[in-house]
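Here are a few notes to read alongside the model. Have a look at the picture first, then go through the points one by one.

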Amino acid sequence: MSRSPDPNWLGNATIYQIYVRSFADADGDGNGDIDGVVEHLPYIKSLGVDAIWLSPIMPSPNHDWGYDVSDYYSVASDYGGMPALRRLIEQTSQLSLKVILDLIPNHTSSEHPWFVSARSNVESPYRDYYVWADPSDDGGVPNNWLDATGSSAWTYDSNSQQYFLHNFLSTQPDLNWWNPKVQEEFQNILRFWFDRGIDGFRVDVAHGIFKDRLLRDDPAAPTTDASPFTHFGLLETYSKNRPEVHALFRNWRQLAATYQPPKLLIGETWVGDVDRMIRFYGNNDELDLAMNFPFTFADFQARTIAPLITETLGKLPAGAYGCWAASNHDISRFPTRWCNDDEARVRSALMLLATLPGTLILYYGDELGLGDSVLENQMLRDEITAQTSVGFKRDYARTPMPWNNDPKHGFTQGNPWLPFGQVTTSVETQQADEHSILNLTRKLLSIRRENVSSPLVTCLLDELAWSYRVGQLEVHINFSDQRVQHPTSAGILIDSRGSERPVPEGRNTLEPFDAFIIRSS
Ligand code: NOJ
């Protein structure tokens, strides 16, 4: 399947992340599905995005909603199976939209035939596909590694009297990437999907695929460190984050480059500083894009976020592009986390996101300014976070898309798999309002496509506000609750309601938390 081969598309691209189960349900079983995505392609196209990334669609027992794969060569039947994916690929291709799937190489489901065989028999050819270890000298777990719930990352298998490793749930055993056969399996998996016409993969837990061969203990994090990058008081120095992963990504990039146009590799590189994140690009010969979590988790303040953006852009290897996202299915949505659900701030944040050179990933609902939907505990469906007392409940960021104002919000005819929580807006409401956040997003993404290019140059940065030039745009953002005045160039001013007017060179006022863009005329 050929799509427009534009090697520079990542310079001002937008990818729309779809949490498939929550987007649109075409068959009325209460679960979003691929045909639901197909039905809404005109809407997706109308946003002005270049690509969609689908959360995992491969068969899974769904302990982690598809992040526990039981078959890497097919599509789950409740999502519509392979025929639905074929329909999606055909129709997105007609609309010049690219399709990116989620690849989960760190672990399989415990129901994957490889693990079933490995666990049942120490002589199994699949035994060494996983990470097994003897009990420690005192008979306990092999080391101090913790899984995603904060319990030991090791589960005892009484049959073989060894432990197996699981960095997430015990139903998600980690693969042993030191085994060349595992590497071969994934070469085949990549080729299988690339040959079926998908345009690339988002690589799950990209930083964590290799574990320390000696299984050394993770060190304690400084007690003052409560960042999203510490793991129940530990630094994941040995349980993840091993340097051997770079050779793997060079290898995958070469494989991706055998296609025309080359397939895209985006890494979920969950690391806490820009230098470590940048390493995943190699010399622009590893991942095409490394998700910038230091940016995602930065405070929405001028003096925090501006230096992070300029540092990132300054450190990218030649020819590589930044990757910016503010929301996803694992964290609090940006309108709540960055903006305290304040509309002015949400609009400003979208102005920032849409004018950053590189690739922007918008999460479904970002275009509506959708914040977190708090659900009652007994409604939660996410095994990883429902039971833990610390951290964000991921279901708050996974509630179904509100398409309209009917009781089931146009999402399903059945019973939604996850409640909506409190719905305060919908696509229908915002379509009808010329100045809605939705219509602002559309305008911003079209401005992005036409005008954003590297480099980004700061004009003014202080405690309150930031202004910068990028391509033909001059962007002014007030991060504070005070009114500020900025020197501005002549051009067309686009305000945070999406209205445009010509302005001469001079000074313009930014209201608290407001932003505007001036496009040189
Ligand atoms: C990161 C994914 O985004 C998350 O949803 C999942 O639980 C873990 N990886 C494990 O696959």
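1. Let's start with a question: how many of the 521 residues of the protein, as a percentage, count as buried? The figure is 60%. Keep in mind as you read on that this is a predicted model.

2. Now the overall build. The chain folds into 14 helices and 19 strands. Measured out along the principal axes, the C-alpha trace covers about 75 × 50 × 50 Å. A compact globule of 521 residues would have a radius of gyration near 24 Å, and the protein comes in at 23 Å, so the two agree.

3. Who touches whom? Take the contacts with a separation of 6 or more: 67% of them join residues 24 or more positions apart.

4. On to the outside. The protein exposes about 19900 Å², and 47% of that comes from carbon and sulfur atoms. As for charge, there are 43 positive and 67 negative ones, and their mean positions sit 5 Å apart.

5. One residue deserves a closer look: Arg242, found in the loop that runs between β7 (200-203) and α6 (245-256). Arg242 is buried, yet it has no salt bridge. Why not? The nearest side chain of opposite charge, Asp212, is 4.2 Å away, and a salt bridge needs a side-chain nitrogen of Lys or Arg within 4 Å of a carboxyl oxygen, so this pair doesn't count.

6. And the company Arg242 keeps? Apart from neighbours within four places in sequence, Arg242 is in contact with His207, Phe210, Lys211, Asp212, Arg216 and Thr237. So Asp212 does turn up among the contacts, even though Arg242 has no salt bridge.

Terms used:
Residues numbered from 1 in each chain as written. Predicted model: local features only at pLDDT ≥ 70, side-chain atom pairs only at ≥ 80, totals over all residues. Heavy atoms only, no water. Helix = DSSP H or I, 4+ residues; strand = E, 2+ residues; numbered from the N terminus. Rg over C-alpha atoms; globule rule 2.2 N^0.38 Å. Buried < 20%, exposed > 50% of the residue type's maximum accessible area, 1.4 Å probe, protein only. Contact = heavy atoms within 4.5 Å. Areas by Shrake-Rupley, 256 points an atom, 1.4 Å probe, with all protein chains shown as cover. Lys, Arg positive; Asp, Glu negative; His and termini not counted. Charge placed at Lys NZ, Arg CZ, Asp CG, Glu CD.
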